[in-house]
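Trainee: I'm new to this one and a bit lost. Please pick a single part, take me through it closely, and then show me how it ties in with what lies further along.

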Amino acid sequence: WHRLCADWYEIKLANGKNFAASFMVGFHLARAVDYKTTDVEIVQRTLSALEVMAELAQRCYAFRPAVVYLQRACAILDATGLSDVLQERTLKILQTMAPLTLIVCGAGSVEATIAYQGLRQLVPESGTL
């Protein structure tokens, strides 16, 4: 049901400029993901929608909701077991989320520590954050 709603919003309303439609697509796609799915396409669509939602929230200086959307994306990657397959996507999400966790939760918070530890695991030792 949620996937059908997301498809409808994408086709009829989401033209990249409709703020509410972008949130509705993300909401319904996030609900449509079955954590046992290995369908990379639906996971990719859901991650894209959550990233758009986080970006829109950041533009409105709503950093806490942006962190929540990105945490949801990370949870989907972990639960589906696709974080290794979509490693670059995971890295991009963590690179966006880590600084926001510092703003929202503060340095030394559990959320910031987890985000930066996740980045450390993905970035080679020769790389920099």
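Mentor: Before we zoom in, you need one term: two residues are in contact when they have heavy atoms within 4.5 Å of each other. What you see is a predicted model, where local features need pLDDT of at least 70 and side-chain atom pairs count only at pLDDT 80 or more, while totals for chains, interfaces and linings use all residues. Residues are numbered from 1 along each chain as its sequence is written, and side-chain values use heavy atoms, with hydrogens and water left out.

Let's take Arg3 as our way in. Arg3 sits in helix α1, and α1 covers residues 2–12. Helices here are DSSP runs of H or I with at least four residues, strands are runs of E with at least two, and numbering starts at the N terminus. Arg3 touches Ala32, Asp39 and Ile42, not counting residues up to four places away in sequence. Those partners tie the start of the chain to later stretches: Ala32 belongs to helix α2, which covers residues 19–32, and Ile42 belongs to helix α3, residues 40–59. Then there's Val33, 30 residues from Arg3 in sequence but 8.2 Å away in space, C-alpha to C-alpha. Arg3 counts as partly exposed because its relative accessibility is 36%; buried means under 20% relative accessible area, exposed means over 50%, and partly exposed is in between, using a 1.4 Å probe and protein chains only.

Now the rest of that helix. Cys5, Ala6 and Tyr9 are the buried ones to look for in α1. They share a side of α1 because they cover an arc of only 100° around the axis, the arc being that of the directions from the helix axis to the C-beta atoms. Turn the helix round and, on the face away from its buried side, you'll find the exposed residues Leu4, Ile11 and Lys12.

Step back for a moment and α1 is one of six helices in a chain with zero strands. Read from the N terminus, the order is simply α-α-α-α-α-α. The chain has 129 residues, and 41% of them are buried. Of the contacts between residues at least 6 apart in sequence, 56% join residues at least 24 apart.

Move along to α2 and find Ala20, which lies in that helix. Ala20 is partly exposed, as its relative accessibility is 48%. The C-alpha atoms of Ala20 and Met53 are 9.8 Å apart, with their positions 33 residues apart along the chain.

In α3, try Thr46. Thr46 counts as buried because its relative accessibility is 0%. Skip its neighbours within four places in sequence, and Thr46 is in contact with Leu29, Ala30, Val33 and Ile76. You've met Val33 already, as the residue 8.2 Å from Arg3.

Glu51 is in α3 too. With a relative accessible area of 14%, Glu51 is buried. Beyond the neighbours within four places in sequence, the contacts of Glu51 are Arg89, Lys92 and Ile93.

Just past α3, stop at Tyr61, which is found in the loop between α3 and α4. Tyr61 isn't a glycine, yet it has a positive phi of about 60°. Tyr61 counts as exposed because its relative accessibility is 66%.

Last stop: Thr101, which sits in helix α5. Thr101 is buried, as its relative accessible area is 0%. Leave out the neighbours within four places in sequence, and Thr101 is in contact with Val67, Gly106, Ser109, Glu111, Ala112 and Ala115. For Ala115 there's also a distance to check: its C-alpha atom is 7.7 Å from that of Thr101, and the two are 14 residues apart along the chain.

To tie it up, go back to Arg3 and find its contacts Ala32, Asp39 and Ile42 again, then look over at Thr46 and its contact with Val33.
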